[in-house]
Every structure is written in C-alpha cells, then in structure tokens.
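Visitor: I would like to learn how to read a few features of a structure. Could you walk me through them, one at a time?

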Amino acid sequence: MNPTKRTRTRRATLGVLLLCLTTLATGCSMNDAGGADDLGYTPTTLDVADARKRTKEVSSEIFDMIGLPGAASTPVGPGASTCPEDREHLFKIRHPWSVYGVSEEELKQGFERLRQALPAKGWKVVSYGPNNSKAKSLELLAESEKEHFAVSAELWVGSTDPKKKNLIGVTVVSGCYRAPEGTNLKGLY
C-alpha cells in the first residue's frame, strides 16, 4: 500500500476510534429511538464554518503544547461529516495534521511535552504507549474534559528510509454539533 494512502487510512481509523472514545467517556443512553439522545450530551448548535474554526483553535492549542514552533506542519484543513446518530442534523469535525522537519530528539521531546501538558489543560489521557504497528510507534489518546473533543497523537521516529518522514501525527475530532435549522448537511467535507 502506498505510504500516503496508508497514512490517510490510519488517520481515518484513528478519527473513528476517537469518536468512539468520546462517546464512551461521555456516556450513552441506549434507546430504540436513536438520534441525539444516544450521544449522552446535548449537542451545541453551531454552523459548520464556526465548528471548523473552533476545531482549528483546538488543533492550534495542541500544536502549542507540543512546543516545536520551528517545525513544519501539514496545511490540511478540518473536514466535516455527519454523525451517525442523526445524519440530517448532527455533524462532527475531524482535523488531521502532522509536525515534522525537526530532529528525532526534538519530536520525542515535543511528544512528551504534549503528554504532560494535556491534563493541565483539562484533557484526560485515555491511553498512552506503543501501538500495535510493526514499528510499535508511541501513541496517545486523550479527551477534553471541558469540551467534546478527542485527540490522537502518534510519534513516528526511527525511519532510515528517506521517503518516510519522522513526525508527530495528530488528529483532533470534535463531538457532534447540531446544525442550525435549515442547514443541508449532504455533501460535507
């Protein structure tokens, strides 16, 4: 599989995992009716542009916690998709990005700064340690205790292949938002 496609697939999988973790952490009222009640919280009403802006702000806070201002980061913007609980009215935002262009040691230090800074900023670290990949990359999953956001970060270092970058891969996922009355959520992204 192409490394770029593998990265996108892994990030998409992490996004789904983060949404599941967020739902698990906030609770879930199981009922046969489905809909927003299944979330365990009342979604904030927000238009898609404002939700993207808020998710970018959360991503920026995460970047600041990593503390590598000289590093390059990917310019991918946040994408929106509907929430399965109510595809006509609820949506979430996912913002994948990465930090690279600094030494392996600086990436390791930045990843450790992130792990230490998250709890002080109101995030609960749900898991931390090597993942199941062949490389056993260090992975961190955390949920915001103040807002309905989750973050997945993965430290990819040690590659001697010049085509593969050493980096910190990050995906920030919002909880579900309710779209304002009359918003058409078909065709989001």
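Guide: Happy to. This is a predicted model, and we can start with the second largest pocket, which holds about 180 Å³ of space.

Visitor: Which residues line the second largest pocket?

Guide: The lining is made of Arg-54, Val-58, Glu-61, Asp-64, Met-65, Lys-121, Trp-123, Ser-144, Lys-146, Glu-147 and Phe-149. Helix α2, residues 48–66, supplies the largest share of that lining, with 5 residues.

Visitor: How many residues of the lining are nonpolar, polar and charged?

Guide: Sorted by class, the lining of this second largest pocket has 4 nonpolar residues, 1 polar residue and 6 charged ones. Charged residues invite a look at salt bridges, so to speak, and that can be our next topic.

Visitor: How many salt bridges does a search of the whole structure find, and which residues are linked in a network?

Guide: The search finds 5 salt bridges. Arg-54, Glu-57, Glu-61 and Glu-147 are linked in a network of them. Let us go through the contacts of Arg-54. With Glu-57, the closest N and O atoms are 3.0 Å apart; these two residues sit 3 residues apart in helix α2, which separates them by about one helical turn. With Glu-61, the salt bridge has an N to O distance of 3.6 Å. With Glu-147, the closest N and O atoms are 2.4 Å apart. Glu-147 lies in the loop between β5 (138–144) and β6 (149–156) while Arg-54 is in helix α2, so this pair ties together parts that are 93 residues apart in sequence.

Visitor: How accessible are the acidic partners, Glu-57, Glu-61 and Glu-147?

Guide: Relative accessible area is the number to read here. Glu-57 is partly exposed at 33%, Glu-61 is partly exposed at 36%, and Glu-147 is partly exposed at 30%.

Visitor: Now for the strands. How does β6 pair with β5 and with β7?

Guide: β5 and β6 pair in the antiparallel sense over 6 bridges, and they form a hairpin with 4 residues between them. One bridge to look for joins Leu-141 to its partner Ser-152 in β6. β6 and β7 are also antiparallel, with 8 bridges; there, Phe-149 stands opposite Ser-174 in β7. Phe-149 is also one of the residues that line the second largest pocket.

Visitor: Are the residues of β6 buried or exposed?

Guide: The general idea is that side chains in a regular strand alternate between the two faces of the sheet. In this case both faces of β6 are covered. Phe-149, Val-151, Ala-153 and Leu-155 are buried on one side, and Ala-150, Ser-152, Glu-154 and Trp-156 are buried on the other. That matches the count for the strand, with 8 of its 8 residues buried.

Visitor: What does a search for disulfides find?

Guide: It finds 1 disulfide in the whole structure. Cys-83 and Cys-176 form it, with their sulfur atoms 2.0 Å apart. To read the handedness, look at the angle about the S-S bond: at -120°, the link of Cys-83 and Cys-176 is left-handed.

Visitor: Which parts does the pair of Cys-83 and Cys-176 tie together?

Guide: Cys-83 lies in the loop between β2 (79–82) and β3 (90–100), and Cys-176 in the loop between β7 (167–174) and β8 (177–178), so the pair ties together parts that are 93 residues apart in sequence. Cys-83 is buried, with a relative accessible area of 0%, and Cys-176 is buried as well, with 3%.

Notes:
Residues numbered from 1 in each chain as written. Predicted model: local features only at pLDDT ≥ 70, side-chain atom pairs only at ≥ 80, totals over all residues. Heavy atoms only, no water. Disulfide = S-S within 2.5 Å. Buried < 20%, exposed > 50% of the residue type's maximum accessible area, 1.4 Å probe, protein only. 1 Å grid on protein atoms, 1.4 Å probe; cavity = no way out; pocket = protein on both sides within 12 Å on 5 of 7 lines; lining within 4 Å. Points joined across faces, edges and corners; volume = space filled by probe spheres on them. Nonpolar A, V, L, I, M, F, W, Y, C, P; charged D, E, K, R; others polar. Salt bridge = Lys/Arg side-chain N within 4 Å of Asp/Glu carboxyl O. Pairing = 2+ DSSP bridges.
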